[in-house]
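Here is a walk through one protein chain, from a single loop residue out to the overall build. Keep the structure open while you read.

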Amino acid sequence: MDGFNASADTKNDFSQHRASHCTHPINAISSMDLSTWKPQIESLVNSFYDGTQVAIGVLISGQPFFLGCRKQANGMEWIDNRRTIFEIGSITKIFTAHILCQMISEGTFHLSDPIGPHLQGLNRQTSITFQQLANHTSGLPRLPEDFYNVPHFEEQNPYKAYTASSLSNYLQHVADWSAVSGQQFEYSNLGYGLLGFLLSATGQLPFEQLVQQRIFAPFDMLHSSFQINAHPSLESGGIDEDGHPAPNWEGGILNGCIGIRSSTSDLLKFMNVLLDRDNPDSVLQSQPTWDITENYHIGLGYGIRDQEGGVRLHKHGGGSKGFSGYMLLNIAESRGLILLSNVSAFHKDRLQLEELSKNLMDQLNQGS
């Protein structure tokens, strides 16, 4: 359940980030005071369950800033939770699209290449291209039609049971290949799961290892992974829509669409790369490839909105049973915001968190 619309020693964390990957090497400073945001954050978080955490990271021209809070029974606690780990849901798609762009820059294939020849052993003649998988115009449905019927399906961890054999069976016997691709936008977790599967096959590594090799390791994202409880002391713990501890979600073979667990500290390191206008992979990823309206477009892993005043905002949201998060980028002005929370994507007031992230980004763009 997510779509485009679904926070120790900072200097040591950031100074080892490879400056060659980014225009603005990260060095933490303390001149921007995010505490002015506290009243609006507290007003919203107080409406959620005790134990709710919100972690916010801001990046301005390579400089990181953090703000975090946790609601307690006796009031709001302002905490340093920049290393606290949250599920990021469909924000995972930005990572998948970035690896696609890396491989395109390396000449492995082109955006316009059909995926058929890369469906190993499945012999499917399809006109679907890599770009159409990445911008949700492939014609594939949001989820496989047999998603809820595979063996060992668990409602509490719905993607986990969808295995490589499940996907192979779907592609061979279930998928409707007569659907015309490239005709309309339809948000597809299946499409991104398939994209991750194809990138994994091309890189000859499980997708988790591919992301580790190409993004987590080179960008010093030390606490990011697909593994549950890889860092037990840093886990935030998800809260479901009824206020109970939430089960974790794992992506299964579709983990190109969902499954990464990360922190605001780590995500700002990746954001620093995405904001780099000298990085050909990031530049390619940021380009609009499909127009929804005159002012709303689809990039590779992004929704792109042209706002009043000439601001172009790249964004993606993510959510799961126990978490919601939002990433927003103003690439032209080298600034961005990440908001992570352990608020369920199924909570009735979850969209207020999305609205908060938009409001904070607007204030950031206005310089306040």
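Leaving aside its neighbours within four places in sequence, which residues is Ser225 in contact with? This is a predicted model, and in it Ser225 touches Phe216, Ala230, Gly259, Ile260 and Arg261, once those sequence neighbours are set aside. You'll find Ser225 in the loop between α7 and β5 (261-262). With a relative accessibility of 15%, Ser225 falls under the 20% cut-off, so it counts as buried. Its side chain also has a polar partner: one of its polar atoms sits 3.2 Å from the backbone nitrogen of Gln227.

That loop holds another residue to look at, Asp220. Its phi is near 55 degrees, a positive value in a residue that isn't glycine. Asp220 is buried as well, at a relative accessible area of 13%.

Now for the helix ahead of that loop. Phe216, one of the contacts of Ser225, is also on the list of buried residues in α7 (residues 207-216), along with Phe207, Leu210, Val211, Arg214 and Ile215. Look down the axis of α7 and these buried residues fall within an arc of 155 degrees, so they line one face of the helix. The general rule behind such patterns is that an α-helix has 3.6 residues a turn, so residues three or four places apart point the same way. What do the buried residues of α7 pack against? Their partners are α3 (92-105), α6 (189-203) and α8 (264-274).

Helix α2 (residues 38-45) can be read in a similar spirit. Ile41, Leu44 and Val45 are buried there, and they cover an arc of only 95 degrees around the axis, which puts them on the same side of α2. Pro39 and Ser43, on the other side of α2, are exposed. The buried residues of α2 pack against three strands, β1 (53-60), β2 (63-72) and β3 (75-78), and one helix, α10 (350-365).

Next, the nonpolar interior. The largest nonpolar core has 69 residues, and the members that touch the most others are Phe95, Leu100, Leu194, Val211, Ile215 and Met327. Helix α3 gives this core its largest share, eight residues. There is also a second, separate core of 24 residues, with Val54, Phe65, Tyr326 and Met361 among them. Val211 and Ile215 have already come up as buried residues of α7. As for Leu100, its contacts beyond four places in sequence are Phe109, Leu111, Phe130, Ala134, Leu195 and Leu199.

Over in strand β11 (residues 335-341) sits Leu337. Its relative accessibility is 0%, so it counts as buried. How many residues apart in sequence are Leu337 and Ile56? They are 281 residues apart, yet their C-alpha atoms are 7.2 Å apart in space. Ile56 is among the contacts of Leu337 beyond four places in sequence, and so are Trp37, Gly57, Val58, Met271 and Ser357. That contact list also includes Tyr326 and Met361, both in the second core, as well as Met327, which belongs to the largest one.

Just before that strand, Ser334 lies in the loop between β10 (324-330) and β11. Ser334 has a positive phi of about 55 degrees although it is not a glycine.

One more loop residue deserves a stop: His136, between α4 (130-134) and α5 (164-174). A polar atom of its side chain lies 2.9 Å from the backbone nitrogen of Ser188.

Here are the buried loop residues side by side.

| Residue | Relative accessible area |
|---|---|
| Ser225 | 15% |
| Asp220 | 13% |
| Ser334 | 3% |
| His136 | 1% |

Finally, step back to the chain as a whole. Its secondary structure comes to 10 helices and 11 strands. Buried residues make up 57% of the 368 in the chain. How does the radius of gyration stand against that of a compact globule? A compact globule of 368 residues would have a value near 21 Å, and the chain has 20 Å, which agrees. The C-alpha trace spans about 60 × 45 × 40 Å along its principal axes. About 14,500 Å² of the chain is exposed, with carbon and sulfur atoms supplying 46% of that area.

Notes. Residues numbered from 1 in each chain as written. Predicted model: local features only at pLDDT ≥ 70, side-chain atom pairs only at ≥ 80, totals over all residues. Heavy atoms only, no water. Buried < 20%, exposed > 50% of the residue type's maximum accessible area, 1.4 Å probe, protein only. Helix = DSSP H or I, 4+ residues; strand = E, 2+ residues; numbered from the N terminus. Arc of directions from axis to C-beta. Contact = heavy atoms within 4.5 Å. Polar contact = N/O pair within 3.5 Å; in protein donor to acceptor, adjacent residues only side chain to side chain. Core = buried A, V, L, I, M, F, W, Y, C linked by side-chain atoms within 4.5 Å. Rg over C-alpha atoms; globule rule 2.2 N^0.38 Å. Areas by Shrake-Rupley, 256 points an atom, 1.4 Å probe, with all protein chains shown as cover.
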